[in-house]
Amino acid sequence: MPLHDRPIGERIEALLALSREHADVFCSPSAWLARERYLAKHPTRILAMKCMDGRIHLPHATRTPLGIITPFRNLGGIFHLGWPYLGEMLTDAVHAAIHGGNGVLLIISYHFSRGDLARGCAGFACDAEAALAHANEIRRQAEQVFGRDHRNVYPLVCGFETDTDSLIVHGSEGVTLDIGELTLAEGAELDQRVAQVCPDMPGDIRRDLLPLLQGNLQHVDSLRGTARELDIEHREWVICIGRGFDFLHLPNTALIVGPYSPDLSEPIATAAAIIDANMKAGRIPADGFLLLASTPYEAIGVDRARAELKSRFLSEFAARVISREHPRLAASMLSRTAVVHWPSRRLELLAQE
């Protein structure tokens with residue numbers, strides 16, 4: 001039986017099992033060595049702002065070791081660098097990289113489907129041009145914060161075409177590089193092509209972007225001629241609030257609300273409306289949905305205690321919004337509150353109070 005059709009208890013346990021599996025893989029000796037080796041060769045820090053859509057799995061689509069790309073996920077990939085918490089997180093990440101002597105590649109992504117408009121980003125009503133316009137606005141904000149010369153932080157707008165998993169690099173003057181249009185043989189020319197599309201990109205950052213594009217080309221080529229299920233029905237049954245959901249890349253399963261916007265009630269209410277519609281349409285069972293709150297922490301003691309307090313706050317806040325905006329739906333809500341030990345990606349459930 002598909003996961004979406006199972007009883008809510010089985011669905012929750014399957015999701016938690018997935019998180020445990022993800023942590024086990026991340027902590028394995030092979031994965032640790034792969035990360036260390038990769039960073040020794042490619043020290044540029046890579047941050048990615050992207051939609052919560054499970055199809056947008058950049059490490060998988062670029063064949064990059066887990067833990068190299070730091071994700072910022074939110075409904076629709078909608079962000080504003082003026083949001084206080086988001087701005088602080090980005091600035092801290094940039095400072096850490098610069099103090100280590102490394103540049104930063106800030107990937108600002110949007111996604112769409114060439115085969116069917118309806119498979120595009122629901123956050124922009126499947127309007128790819130609107131999603132691209134928003135990504136360009138984030139790029140302008142990044143330039144305002146980190147400098148327009150792009151010498152230390154390079155904000156790169158990238159499209160993600162979900163039918164083929166191909167990246168589209170947007171350069172200056174409207175020039176693009178579509179990985180999906182290249183053959184494997186043309187992979188040898190990627191360095192030259194990136195230099196033409198992004199002539200102002202520093203050499204060290206371009207050097208460390210190339211493995212992502214080469215990996216994406218190999219990934220896209222491996223999918224050519226294979227049958228893929230593209231017309232996936234929206235069957236989300238989880239609302240995630242907070243951060244630390246790296247294990248969640250199942251298509252149409254979870255709606256992730258990052259704790260970035262000053263007004264979290266709007267995206268939470270939107271996510272609840274989607275879950276409610278899924279239940280009413282019979283796309284998911286009506287026996288319940290999951291509200292999962294999570295906050296990462298680095299060290300035991302004060303850092304973990306603060307993460308626990310924050311997760312409980314987010315869970316209670318989201319529950320109040322859902323109860324107010326969708327009282328009938330709230331009756332079927334099951335809540336789990338957790339913290340994530342970030343160095344191991346281990347999800348730790350907190351006792352219910």
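Tutor: A residue counts as buried when its relative accessible area is under 20%, as exposed when over 50%, and as partly exposed in between (1.4 Å probe, protein chains only). This is a predicted model, in which local features need pLDDT of at least 70, side-chain atom pairs count only at pLDDT 80 or more, and totals for chains, interfaces and linings use all residues. Residues are numbered from 1 along each chain as its sequence is written, and side-chain values use heavy atoms, with hydrogens and water left out.

Student: Which strands stand at the edges of the sheet?

Tutor: Strands (E, at least two residues) and helices (H or I, at least four) are DSSP runs, numbered from the N terminus, and two strands pair if DSSP finds at least two bridges between them. Five strands form an open sheet of mixed pairing, in the order β8-β7-β9-β10-β11. Each of the edge strands has a single partner strand, so one side of each is left without a neighbour in the sheet. The edge strands are β8 (254-257) and β11 (346-349).

Student: What is the average twist from one strand to the next?

Tutor: Angles run from 0 to 180 degrees between N-to-C directions, and axes are lines fitted to C-alpha atoms, for helices over the stretch in contact. From one strand of the open sheet to the next, the twist averages 25°.

Student: Which residue in β8 stands opposite Cys240?

Tutor: Strand β7 (residues 238-242) pairs with β8 in the parallel sense, over four bridges. Opposite Cys240, in β8, stands Ile256.

Student: What angle does the direction of helix α9 make with that of β9?

Tutor: Contact means heavy atoms within 4.5 Å. Helix α1 (residues 8-27) packs on the sheet, touching β7, β9 (289-297), β10 (333-341) and β11, and its direction makes about 140° with that of β11. Helix α9 (residues 302-325) likewise packs on the sheet and touches β7, β9, β10 and β11. Its direction makes an angle with that of β9 of about 155°.

Student: Which residues of β8 are buried on its two faces?

Tutor: In a regular strand the side chains alternate between the two faces of the sheet. Both faces of β8 are covered: the buried residues are Ala254 and Ile256 on one side, and on the other Leu255 and Val257.

Student: How many residues has the largest nonpolar core?

Tutor: A nonpolar core is a set of buried Ala, Val, Leu, Ile, Met, Phe, Trp, Tyr and Cys residues joined through side-chain atoms within 4.5 Å. In the largest one, Met49, Phe72, Leu86, Leu90, Trp237 and Ile241 have the most contacts. Apart from it lies another core, of 30 residues, among them Tyr154, Cys198, Leu209 and Leu217. The number of residues in the largest core is 73.

Student: Is the arrangement of α8 and α9 parallel or oblique?

Tutor: Angles under 35 degrees count as roughly parallel, over 145 as roughly antiparallel, 65 to 115 as roughly perpendicular and the rest as oblique. The axes of helix α8 (residues 265-280) and α9 come within 9 Å and cross at roughly 60°. That crossing therefore makes α8, relative to α9, oblique.

Student: Which residues of α8 make the contact with α9?

Tutor: On the α9 side, the contact involves Phe317, Ala318, Val321, Ile322, Arg324 and Glu325. From α8 come Ser265, Ile268, Ala269 and Ala272.

Student: Is Arg63 buried or partly exposed?

Tutor: Arg63 is found in the loop between α3 (58-62) and β2 (69-74). Its phi is near 55°, a positive value in a residue other than glycine. With a relative accessible area of 46%, Arg63 is partly exposed.

Student: Does Glu173 count as buried or exposed?

Tutor: Glu173 lies in the loop between β5 (166-170) and β6 (176-178). Phi of Glu173 is near 60°, again positive in a residue other than glycine. At 78% relative accessibility, Glu173 counts as exposed.

Student: How far apart in space are Ser294 and Leu350, C-alpha to C-alpha?

Tutor: Ser294 belongs to strand β9 and, at 0% relative accessibility, counts as buried. Beyond four places in sequence, its contacts include Ile241, Ser311, Ala338 and Leu347. Ser294 and Leu350 are 56 residues apart in sequence, and their C-alpha to C-alpha distance is 9.8 Å.
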